[in-house]
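Let's work through some exercises together, with the structure open beside you. Try each task on your own before reading its solution.

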Amino acid sequence: MKTIPVLCVSLLGMVLATAAQAQSGAAESLRQAANGAAFKVGDIQFRLAPSATVTAADASADPAQAVVAGKYALALGAAPAAAKRGLAAAPAKLAAAVSQSGEPVVVTSSVNVYFDQPAVLAEAVRSSGGRLTYASAVGGKGTIEFDSVQQALDAAAKLQGVAGVKEASPKIEQLENMVL
């Protein structure tokens with residue numbers, strides 16, 4: 001009877017190892033696909049993975065085909081089956097990216113702007129053509145929304161040159177990998 005618990009533990013270990021290998025295979029494919037536009041958030045550099053799709057993760061996400069990162073599934077090529085069926089689709093204004101250390105992130109169509117005077121934020125909104133979605137004069141931070149991730153990346157680069165802007169960077173969602 002002692003062989004049954006050992007067998008169960010061995011089988012569980014094999015299942016978990018297979019899922020982790022599938023996840024790491026998809027993660028490696030995503031890292032290799034991260035050959036798009038580069039951008040920085042603070043001191044960390046990221047690269048877009050232009051061939052990846054971002055959808056809401058659900059139990060049907062295949063870890064061999066997608067990196068499940070937090071509440072998102074990042075997959076190369078066509079959208080996962082759940083999204084094709086119209087289920088659990090994530091907002092269209094998201095893109096997959098990979099940090100210089102290999103961690104997947106989701107880039108939004110917003111830019112975080114750090115400023116020294118409230119008038120600077122108003123100028124940043126006006127000059128960028130975006131829509132203000134958040135402002136804190138006390139914290140010296142605002143968020144400007146754009147119609148696409150590419151517009152946000154372009155605006156972040158442009159806003160770096162606006163007098164009084166301390167930093168302008170695309171808003172990202174840092175995620176933890178998890179196997180479903």
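A residue counts as buried when its relative accessible area is under 20%, as exposed when that area is over 50%, and as partly exposed in between. Keep in mind that you are looking at a predicted model.

**Exercise 1. Get an overview.**
Task: Find how many helices and strands the protein has, and the order in which they come.

Solution:
- Step 1: Count the elements; there are 4 helices and 10 strands.
- Step 2: Read from the N terminus, which gives α-β-β-β-β-β-α-β-β-α-β-β-α-β.
- Step 3: Turn to burial: of the 180 residues, 41% count as buried.
- Step 4: Look at the surface, whose accessible area is about 9700 Å², with 58% of it belonging to carbon and sulfur atoms.
- Step 5: Take the contacts between residues at least 6 apart in sequence; 63% of these join residues at least 24 apart.

**Exercise 2. Follow a hairpin.**
Task: Describe how strand 1 and strand 2 pair.

Solution:
- Step 1: Locate strand 1 at residues 38-41 and strand 2 at residues 44-48.
- Step 2: Check the direction: the two strands pair in the antiparallel sense, over 4 bridges.
- Step 3: Pick out F39, which stands opposite F46 in strand 2.
- Step 4: Look at the turn, where 2 residues lie between the strands and G42 takes a positive phi near 65 degrees.

**Exercise 3. Explore the salt bridges.**
Task: Of the 4 salt bridges in the whole structure, examine three. Is each partner buried, partly exposed or exposed?

Solution:
- Step 1: Recall the general idea that side chains of opposite charge can pair when their charged atoms come close.
- Step 2: Start in helix 1 (residues 3-33), where E28 and R31 lie 3 residues apart, about one turn of the helix. Their closest N and O atoms are 3.2 Å apart. E28 has 34% relative accessibility, so it is partly exposed. R31, at 34%, is partly exposed too.
- Step 3: Go on to helix 3, where E123 and R126 form a salt bridge at 2.6 Å, N to O. Because they are 3 residues apart in this helix, about one helical turn separates them. E123 has a relative accessible area of 32%, so it is partly exposed. R126 reaches 60%, so it is exposed.
- Step 4: Now take E145 and K93, whose side chains meet at 2.6 Å, N to O. This pair links distant parts of the chain, 52 residues apart: E145 is in strand 9 (residues 141-145), while K93 is in the loop between helix 2 (81-84) and strand 6 (94-99). E145 has a relative accessible area of 15%, so it is buried. K93 has 30%, so it is partly exposed.

**Exercise 4. Zoom in on one serine.**
Task: Where is S128 found, and what does its side chain reach?

Solution:
- Step 1: Place S128 in helix 3, which covers residues 118-128.
- Step 2: Judge its burial: the relative accessible area is 17%, so S128 is buried.
- Step 3: List its contacts; leaving out residues up to four places away in sequence, S128 touches I144, F146, A155 and L159.
- Step 4: Follow the side chain of S128 to the backbone oxygen of A124, at 2.8 Å. A polar atom of that side chain also lies 3.3 Å from the backbone nitrogen of G130.
- Step 5: Connect back to Exercise 3: S128 and E145 are 17 residues apart in sequence, and their C-alpha atoms are 9.9 Å apart in space.

Key. Residues numbered from 1 in each chain as written. Predicted model: local features only at pLDDT ≥ 70, side-chain atom pairs only at ≥ 80, totals over all residues. Heavy atoms only, no water. Buried < 20%, exposed > 50% of the residue type's maximum accessible area, 1.4 Å probe, protein only. Contact = heavy atoms within 4.5 Å. Areas by Shrake-Rupley, 256 points an atom, 1.4 Å probe, with all protein chains shown as cover. Polar contact = N/O pair within 3.5 Å; in protein donor to acceptor, adjacent residues only side chain to side chain. Pairing = 2+ DSSP bridges.
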